[in-house]
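Trainee: I would like to work through this model with you, beginning with the pocket and then turning to the ligand and the backbone. Could we look at it together?

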Amino acid sequence: MIKLAILISGRGSNMLYLADAIENYKIEAAITLVISNKDCVGIALAAARGLATKVVKRSDFDNRLTHDAAIASAIEDCHADYVFLAGYMAILGPVFVNQFAGKLINIHPSLLPAFKGLNTHQRAIDAGVKTHGVSIHLVNAALDDGPLILQASLTVVKTDTVKILAGRVLQLEHQIYSFVLFSLAARNVTLLPDRVIWQVATLAAAPAEMQNALASCVIWPDGSPHR
Ligand code: GRF
């Protein structure tokens, strides 16, 4: 059973989807704590769902270092094996990032390295890209950087507004993040501080919903074994 802490700042749809996936697909994982850096819809939804929650407000701390340290000690206290960032809208400092090297995972709504930072869907439309998507990656000290764990793509179509595209990507986000969790729990992927090793790079054992959503669009990182 792997233990998970999830950090959020907003609506928390990825966090809720992960909780649903654990339950619906009997993934050998437990969310031991949901942490937010402010009052937000997501933290209320997590609490309503019966998950342990903690709000660690930035404004209660003098600086980022002490704020990060308070979050880190909450994570240590709940013995999390992995920390999933799911719409956590603050930059974590290098001390925090090093403390959780190889355990700290982020989801970003673009095909990295394209469109790091904010407003990814608007920028994708403005740039006229044909292919857009979502990336799951290990977090390192640079923004939206770090070794890729998995990506999934979609084709941008004429009718895509920012809102429509964001919705399409979000659906993929839910599937790919829960698939990564599934894979970690099944020990099909190993995360090292600077490297991702897929032992079994396949969707075959995953729940049908994940397979259906990802089969035609998953992008395994370079060097993954044949699937
Ligand atoms: C998602 O688009 C995620 O990729 C990004 O922040 C958003 C969070 O959405 N990092 P939600 O709070 O999980 O609904």
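Trainee: Which class counts the most residues in the lining of the largest pocket, and how many are they?

Mentor: Bear in mind throughout that this is a predicted model. Sorted by class, the lining of the largest pocket holds three charged residues and 15 polar ones, while the nonpolar residues number 18. The class asked for is therefore nonpolar, with 18 residues.

Trainee: What is the volume of the largest pocket, and which residues are the closest to its centre?

Mentor: The volume of the largest pocket comes to about 920 Å³. It is lined by 36 residues, and those closest to its centre are G87, M89, I107, P109 and L118.

Trainee: Which element gives the most to the lining of the largest pocket?

Mentor: The elements that contribute two or more residues to this lining are α1 (13-24), β5 (104-108), α5 (120-127) and α6 (162-185). Among these, the one that gives the most does so with four residues, and that element is α6.

Trainee: Where does the ligand sit, and which residues are around it?

Mentor: The ligand sits in the largest pocket, and the shell around it is made up of two nonpolar, four polar and two charged residues. By name, the residues around the ligand are R11, G12, S13, N14, G87, I107, P109 and E173.

Trainee: How much of the area that the ligand exposes when taken alone does the protein bury?

Mentor: Consider the polar contacts beforehand: a ligand oxygen is 2.5 Å from an N or O atom in the side chain of R11, and a ligand oxygen is 2.8 Å from an N or O atom in the side chain of E173. The backbone takes part as well, with a polar backbone atom of N14 at 2.9 Å from an oxygen atom of the ligand. Taken alone the ligand exposes 370 Å², and the share of this that the protein buries is 86%.

Trainee: Which residues does a cis peptide bond join?

Mentor: Most peptide bonds are trans, so a cis one deserves a remark. Here omega is about 15°, and one partner, P113, lies in the loop between β5 and α5. The cis peptide bond joins L112 and P113.

Key:
Residues numbered from 1 in each chain as written. Predicted model: local features only at pLDDT ≥ 70, side-chain atom pairs only at ≥ 80, totals over all residues. Heavy atoms only, no water. Near = heavy atom within 4 Å. Polar contact = N/O pair within 3.5 Å; in protein donor to acceptor, adjacent residues only side chain to side chain. Areas by Shrake-Rupley, 256 points an atom, 1.4 Å probe, with all protein chains shown as cover. 1 Å grid on protein atoms, 1.4 Å probe; cavity = no way out; pocket = protein on both sides within 12 Å on 5 of 7 lines; lining within 4 Å. Sits in = over half its atoms within 2 Å of the grid points. Points joined across faces, edges and corners; volume = space filled by probe spheres on them.
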